[in-house]
Amino acid sequence: MVARAISIIGQAIRSAAPFALAAAPFAASAQDTASTDTTVSIVDDVTLTKTRDMDFGRIIAPGAGVIDMDATDAALCTPNNAIELLDPCQSAAFEGTGGSSFQIRIRVPARRRIELTGPGQNLRLRRITVGEGNGLSFIRRVGRNYDFEITDPVGNFEFFVGGRLLIRNNQAPGVYTGTFDLEIDYQ
């Protein structure tokens, strides 16, 4: 969902002069006038571009285990249970533009998980997480919603997506792929 934001800033001037009714019930009264300045800023919709896919690289998995990938630019992947990483991993990366000081909410898939399909049983990517990059400041996470403020004066920002890959016992070798959608609310 993308919202168009319009902010109106005005300064009202009020003149209040108490006046009493004198002996003449319809006494003449002067009318006051005032003016105000009004400013309108029209901000374009937020734009978003994927700049890099998530990649866990090549893995040797002698048994079940997990690989945790953090949601940073130079993602760190931490395997357990004798799982070995042959390549560096990389988080998914996105760049966007919006209004400076506006807030965005990034909503990851339901239950923060997806399935990756390949030649064997599906792999599960769980605990999908979003981390801020340049131009964003983290506010809070509630469930699958990650809230940020755009801090760049021009409105440019970036963010990264990581998660936990679950590998089963006797996982068939091969390439496993999956996709996920992110929903962006902008205000």
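1. The model under review is a predicted one, and a convenient place to enter it is the pairing of strands S10 and S11. In S11, Arg124 is the bridge partner of Glu115, and this pairing belongs to a set of three bridges that join S10 to S11 in the antiparallel sense. The two strands form a hairpin, with six residues between them.

2. From S11 the pairing continues to S14, since seven bridges join S11 to S14 and the two strands run antiparallel. One position that can be checked directly is Thr129, whose bridge partner in S14 is Gly162. S14 also pairs with S5, again in the antiparallel sense, over five bridges, and here Gly65 has Ile167 in S14 as its bridge partner.

3. Strand S5 deserves its own remark, for it is mostly covered, with four of its five residues buried. Besides its pairing with S14, S5 is joined to S6 by three bridges, and S5 and S6 run antiparallel. Within that pairing, the bridge partner of Asp68 is Thr78 in S6.

4. A separate point concerns an open sheet of four strands, in the order S12-S13-S9-S15, with antiparallel pairing. Its edge strands are S12 (136-142) and S15, each of which pairs on one side only. On average, and with direction ignored, neighbouring strands of this sheet are turned by 25 degrees against each other. Inside the sheet, S9 and S13 run antiparallel and are joined by five bridges, and Arg107 stands opposite Asn145 in S13.

5. Which residues have the most contacts inside the largest nonpolar core? They are Phe56, Ile104, Ile106, Val130, Phe159 and Val161, in a core that has 34 residues. The elements that give two or more residues to this core include S5 (65-69), S8 (92-97), S9 (103-107), S10 (114-116) and S11 (123-132), and among them are also S13 (145-150), S14 (156-167) and S15 (183-186). S14 gives the most to the core, with five residues. As general background, nonpolar side chains in soluble globular proteins tend to be buried together.

6. The surroundings of Val161 can be set out in full. Not counting residues up to four places away in sequence, Val161 touches Met54, Met69, Ala71, Ser91, Ala92, Phe94, Ile128, Thr129, Val130, Phe180 and Leu182. Two of the names in this list recur elsewhere in the note: Thr129 as the bridge partner of Gly162 in S14, and Phe94 as a member of an aromatic pair.

7. The structure holds three aromatic pairs. Phe94 and Phe159 form a stacked pair, with 5.1 Å centre to centre and 15 degrees between the planes. Phe94 lies in strand S8 and Phe159 in strand S14, so the pair ties together parts that are 65 residues apart in sequence. Phe94 is buried, with a relative accessible area of 11%, and Phe159 is buried as well, with a relative accessible area of 0%.

8. Another of the aromatic pairs, formed by Phe138 and Phe148, is edge-to-face, with 5.6 Å centre to centre and 70 degrees between the planes. This pair links distant parts of the chain, with Phe138 in strand S12 and Phe148 in strand S13, 10 residues apart. Are its two members buried or exposed? Phe138 is partly exposed, with a relative accessible area of 38%, whereas Phe148 is buried, with a relative accessible area of 0%.

9. Finally, a search of the whole structure finds one disulfide, which joins Cys77 to Cys89 with an S to S distance of 2.0 Å. The torsion about the S-S bond of Cys77 and Cys89 is about 115 degrees, and the disulfide is therefore right-handed. The pair links distant parts of the chain, for Cys77 is in strand S6 (residues 77-79) and Cys89 is in the loop between strand S7 (84-85) and S8, 12 residues apart. Cys77 is buried, with a relative accessible area of 10%, and Cys89 also counts as buried, at 11% relative accessibility.

How values were computed:
Residues numbered from 1 in each chain as written. Predicted model: local features only at pLDDT ≥ 70, side-chain atom pairs only at ≥ 80, totals over all residues. Heavy atoms only, no water. Core = buried A, V, L, I, M, F, W, Y, C linked by side-chain atoms within 4.5 Å. Buried < 20%, exposed > 50% of the residue type's maximum accessible area, 1.4 Å probe, protein only. Contact = heavy atoms within 4.5 Å. Disulfide = S-S within 2.5 Å. Pairing = 2+ DSSP bridges. Axes fitted to C-alpha atoms, helices over the stretch in contact; angles between N-to-C directions. Phe/Tyr/Trp six-rings, centres within 6.5 Å; stacked < 30°, edge-to-face > 60°.
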